[in-house]
Amino acid sequence: MAPGAKRGILERLKAGEIVLGDGGFVFALEKRGYVKAGPWTPEAAAEHPEAVRQLHREFLRAGSNVMQTFTFYASDDKLENRGNAVGFTGQQVNEAACDLARQVANEGDALVAGGVSQTPSYLSCKSETDVKAIFKKQMDVFIKKDVDFLIAEYFEHVEEAEWAVQVLKSTGKPVAASMCIGPKGDMHGVTPGDCAVRLVKAGADIVGVNCHFDPMTCVKTVAMMKAAVEKAGLKAHYMVQPLAYHTPDCNCQGFIDLPEFPFALEPRVLTRWDMQQYAREAFNAGIRYIGGCCGYEPYHIRAVAEELAQERGFLPEASKKHGMWGSGLEMHTKPWVRARARRDYWEKMKPASGRPLCPSMSTPDGWGVTKGDAALMQQKEATTKDQLRPLFEKADAKN
């Protein structure tokens, strides 16, 4: 390794180190006014680079070892889907995202990961050649910008994830593959274990899940993957980047089926103490790449870093402004708040929602459509009122 060069992702994982990912940029930046809910596309990397750069820095201070490029849904077919007009090409967005991630990664001991995700083209039954061409177009930018490794994330169908891995693996760089599935498997019923085995055989060095489900559900799912990979006599490293929301009522489609998605999820947000429990469960399950997805803010990653501080050998920079287990409350002016400056208080806390008539759980929409269904065929033109009307009627009939 050249003097001053950073150790790569596989070197760190092979050494048994804990690698912390970052959080869910589209949700975090939507709340800050830089991303539009619906398309969820990342033109902010080119349009508002200062916002993306600052969020990267906050996750770096919180303990993240990976700056993942803000390239979620940055394929041209998604940027142009259903009348979305971003004003930037996919190449411009991807290049800007790589530059921002690299700039901040160089401010610490962090790596840059270039990421691709599922495509409207796959849902619209385009060919393997067409879908792979979309991945390659993004991949070419990542190679030009020399990212440290590649991630195929947020895939609901293992077939499309395999195609992504095969394209990314052709670069010779390490490849991670992360599906947005739970214990029931992908949207065509392929089990988590079978998904993982197929992804490893396709060339993935790291496999796991991200998004769609809460931390404990995701840890359980990755444990199923790990068991299947080992049973098949294969080797891989494991990653988990879940939601920051409680989702005990989700079906196989995950949180996008919940009626609260995406604008009323706040009552489900995990506390920092929930995050510490998640970090410990993930570590005990043998997962060493631990991060977050939608709903994660930097303080959530800081909580993960604090829980695993002994194993990692250090605390993150952001912990200078946070006493472990609420110890900073010892300085509070009110005595009843000072009485909360202890671990057992926060571990036993059962937060109230403050909403007397709200149920503890919801009924997922459960429309049951996926790739191959006519309702999922995508289009460049904006969705029309005539197309929306039957959707509204169907939703009202179910409620």
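Reader: Before we look at Asp109 and Arg12, what counts as a salt bridge?

Author: A side-chain nitrogen of Lys or Arg has to sit within 4 Å of a carboxyl oxygen of Asp or Glu. Keep in mind that this is a predicted model. Here Asp109 and Arg12 make such a bridge, with 3.0 Å from N to O. They join distant parts of the chain, 97 residues apart: Arg12 belongs to helix α1, and Asp109 to the loop between α6 (90-105) and β3 (111-116).

Reader: Okay, and is each partner buried or exposed?

Author: Under 20% relative accessible area is buried, over 50% is exposed, and partly exposed is in between. Arg12 comes out at 2%, so Arg12 is buried. Asp109 has 43%, so Asp109 is partly exposed.

Reader: What does Arg7 pair with?

Author: Glu17, and their closest N and O atoms are 2.5 Å apart. This pair also links distant parts of the chain, at 10 residues apart: Arg7 is in the segment before α1 (9-14), while Glu17 is in the loop between α1 and β1 (19-20). Arg7 has a relative accessible area of 30% and is partly exposed; Glu17, at 28%, is partly exposed too.

Reader: Where do Asp249 and Arg268 lie?

Author: Their side chains form a salt bridge, 2.7 Å from N to O. Both are in the loop between β7 (237-241) and α12 (272-284), so the bridge ties together parts 19 residues apart in sequence. Asp249 and Arg268 are both buried.

Reader: How many salt bridges does the whole structure have?

Author: The search finds 25. Some join up, too: Arg32, Glu58 and Glu297 are linked in a network.

Definitions and conventions: Residues numbered from 1 in each chain as written. Predicted model: local features only at pLDDT ≥ 70, side-chain atom pairs only at ≥ 80, totals over all residues. Heavy atoms only, no water. Helix = DSSP H or I, 4+ residues; strand = E, 2+ residues; numbered from the N terminus. Buried < 20%, exposed > 50% of the residue type's maximum accessible area, 1.4 Å probe, protein only.
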